[in-house]
Amino acid sequence: IHNQPYELKFTLPGSSKPIGTQHATFRRINPSGTVPAIDDNGYLLYEGNAILCYLANKYGWSDYYPQDPKVRGKIDQYLHWHHRNTRELTLRLVAPILRKRGRSDPTRAAQVMAAFEQLLNDSLFLCGEHPTLADLAAYCEVGQLQSQYFDLFDFTPYPRTERWLAAVRSLPHYAEAHEGLVRFLPKYNQLKSEGDPSKL
């Protein structure tokens, strides 16, 4: 957002290797050993939505997190709803492949997407006609499922979601924000075809 400089560090979720999230080095940042997490000059913070809100407050991203309490209330409402809904897309579709445990659950994913589609009934973005932190949080879960990335879900029956996906792809700095995911795709596709994602 706004081309804010940052240093991206790759880690291995669930691994106890030196660059893994279960290693003591990472658990100093996040004791639960999950991503994402940030170290902002010694200020440690984890949970993606908390990080988004912190950065928006620190850098004054009022376009993505407006000061109007009613608008912000709607954004916060989505960010709380996200955890037991949109987040399920990653847990039910992506995690079983990468962790090599658990079963994919396309039925639950379809339920989530049906509910998500309804959130877009009245506007282009989740909280109105302009993108907000809600859209950024949601896209992390939904966008990765598209055919150009992990190719795990058919969005054809969800026209409002397809329109929303296209709108988010047109936002500034989209390509830069997805460079890490694009670099990861060859490894993901290789391991998926080998049936051994545990080597991640």
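Hi everyone, let's start with a pocket: the second largest one in this structure holds about 170 Å³ of space. Keep in mind that we're looking at a predicted model.

So what lines the second largest pocket? The residues are Lys74, Gln77, Tyr78, Trp81, Leu119, Leu126 and Cys127. If you sort that lining by class, you get five nonpolar residues, one polar and one charged. And which helix gives the most to the lining? That is helix α3, residues 69-82, with four residues.

Now let's move to another topic, a pair of residues. Please find Thr90 in helix α4, which spans residues 87-99. Is Thr90 buried or exposed? Its relative accessibility is 12%, and buried means under 20%, so Thr90 counts as buried.

The partner I'd like you to see is Gln144, in the loop between α6 (133-142) and α7 (159-169). Gln144 comes out at 11% relative accessibility, so this residue counts as buried too.

How do the two meet? The side chains of Thr90 and Gln144 make a polar contact, at 2.6 Å.

Let's look around each of them, skipping neighbours up to four places away in sequence. For Thr90, the contacts are Ala95, Pro96, Glu141 and Gln144. Gln144, in turn, touches Thr90, Val94, Tyr139, Tyr149, Phe150 and Asp151.

To wrap up, here are two things to find on your screens: the pocket with helix α3 in its lining, and the polar contact between the side chains of Thr90 and Gln144. Thanks for listening!

Key. Residues are numbered from 1 along each chain as its sequence is written. This is a predicted model: local features need pLDDT of at least 70, side-chain atom pairs count only at pLDDT 80 or more; totals for chains, interfaces and linings use all residues. Side-chain values use heavy atoms; hydrogens and water are left out. On a 1 Å grid over the protein atoms alone, a cavity is a set of points where a 1.4 Å probe fits but cannot get out, and a pocket is an open set with protein on both sides within 12 Å along at least five of seven lines; lining residues have an atom within 4 Å of a point. Grid points are joined across faces, edges and corners, and a volume is the space filled by probe spheres set on the points. Ala, Val, Leu, Ile, Met, Phe, Trp, Tyr, Cys and Pro count as nonpolar, Asp, Glu, Lys and Arg as charged, and the others, Gly among them, as polar. Buried means under 20% relative accessible area, exposed over 50%, partly exposed in between (1.4 Å probe, protein chains only). A polar contact is a pair of N or O atoms within 3.5 Å; within protein, one must be able to donate a hydrogen and the other to accept it, and residues adjacent in sequence count only if both atoms are side-chain atoms. Contact means heavy atoms within 4.5 Å.
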